[in-house]
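Visitor: I am new to this structure, and I would like to understand how its descriptions are reached. Could you show it to me and take my questions in turn?

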Amino acid sequence: MASEIPLVTFNNGQKYPVFGLGTWKSKPGLVGQAVKDAIDAGYRHIDCALVYQNEKEIGEAIASKIQEGVVKREDLYITSKLWNTFHRPDMVQVGLKKTLTDLQLDYLDLYLIHWPQAYKDGEDLFPMDADSKRIYSDHGILDTWKGMEAVAKKGLTKSIGVSNFNSNQLETILNAADIKPVTNQIEVHPYLTQKKLRDFCKSKGVVVTAYSPLGSPDRPWAKPGEPTIMDDPKLKEIAQKYNKSTAQIAIRYQIENGNIVIPKSVTKSRIIENKQVFDFKLSSEDIKAIDSLNKNERFCAMEWDKSHKDFPFSAEFPV
């Protein structure tokens, strides 16, 4: 069941499934069963992060499936991410070790810097001052990358990469790196196609991983009346043509563009349905039609960090 999922080859030679399970916003009490259902359905790539605060439950689910003999550890591709409060170079290993402990793993397959902007070190994942303003740190992305390279050299993760980096930040890393990032995990969907950044990543041998491919309609800050990808008339029309769901069309769109894609769900039927995207291909006309839906609509804008020196979506570096 897992073998039907194609693999992409990273710039370090590691192969990785082009499709996996996202776990952002997957609540405790639900995420563990979602991971079990996904593994049973043939998923082998699970995307995690410390800040999602559900890695312990994910770890228990993975351990149970290994114990049951459904999978071996080497069959799985587990990604996690370094949170903003661990950007000090010597703290990178601390953050990774916490994730490994929670996930009950000896190593990760892929570890990413979650966001370029650093926060004050400490237990609080979202440190605030007395005026309820975020407390930033001066740690720069190059220093943090050295910490990432150190954990890779120790074998704590097979590959390292970044997430939410703009082209300038990615190039800064690439120009100084001993170990190049293998992927840039960014928000990509029909309303935010990110063609310029995707083209840049491709030119540098960096694979794009598309998060929120369905537009994260359950994001906590969604406002009533905001457009939703799943209700888009053009996507619905294309879905009807292929006898597929709009979600399947949006997922297949990412795969056709050469991106890794990690849709999130905790509903078993949708977890199964989301994976059923390898028995058809979109026509070039339909891909162009989906491209035309681009509104540069960013649903995960992290606007509260606009004043940070490393905020990735500033006007100076829009790509």
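Guide: What follows is a short conversation about a helix and two loop residues in this predicted model.

Visitor: What makes helix α1 mostly covered?

Guide: Helix α1 spans residues 31-40, and 7 of its 10 residues are buried, which is what is meant by mostly covered. The buried residues are V31, G32, A34, V35, D37, A38 and I39. Because buried means under 20% relative accessible area, each of these residues falls below that cut-off.

Visitor: What covers the buried residues of α1?

Guide: The cover includes β3 (21-22), β4, α2 and α9 (268-275). Helix α1 is then followed by G42, whose phi is positive, near 105 degrees.

Visitor: Why is Q53 called exposed?

Guide: Q53 has a relative accessible area of 58%, and since exposed means over 50%, Q53 is therefore exposed. Its place is in the loop between β4 (45-47) and α2 (55-68), two elements that are also part of the cover of α1.

Visitor: What is notable about the phi of Q53?

Guide: The phi of Q53 is near 55 degrees, a positive value in a residue other than glycine. Most residues other than glycine have a negative phi.

Visitor: How do you know that N243 is exposed?

Guide: The relative accessible area of N243 is 71%, and because the cut-off for exposed is over 50%, N243 is placed in that class. N243 sits in the loop between α7 (233-242) and α8 (246-256), and its phi, near 55 degrees, is a positive value in a residue other than glycine.

How values were computed: Residues are numbered from 1 along each chain as its sequence is written. This is a predicted model: local features need pLDDT of at least 70, side-chain atom pairs count only at pLDDT 80 or more; totals for chains, interfaces and linings use all residues. Side-chain values use heavy atoms; hydrogens and water are left out. Helices (H or I, at least four residues) and strands (E, at least two) are DSSP runs, numbered from the N terminus. Buried means under 20% relative accessible area, exposed over 50%, partly exposed in between (1.4 Å probe, protein chains only). Contact means heavy atoms within 4.5 Å.
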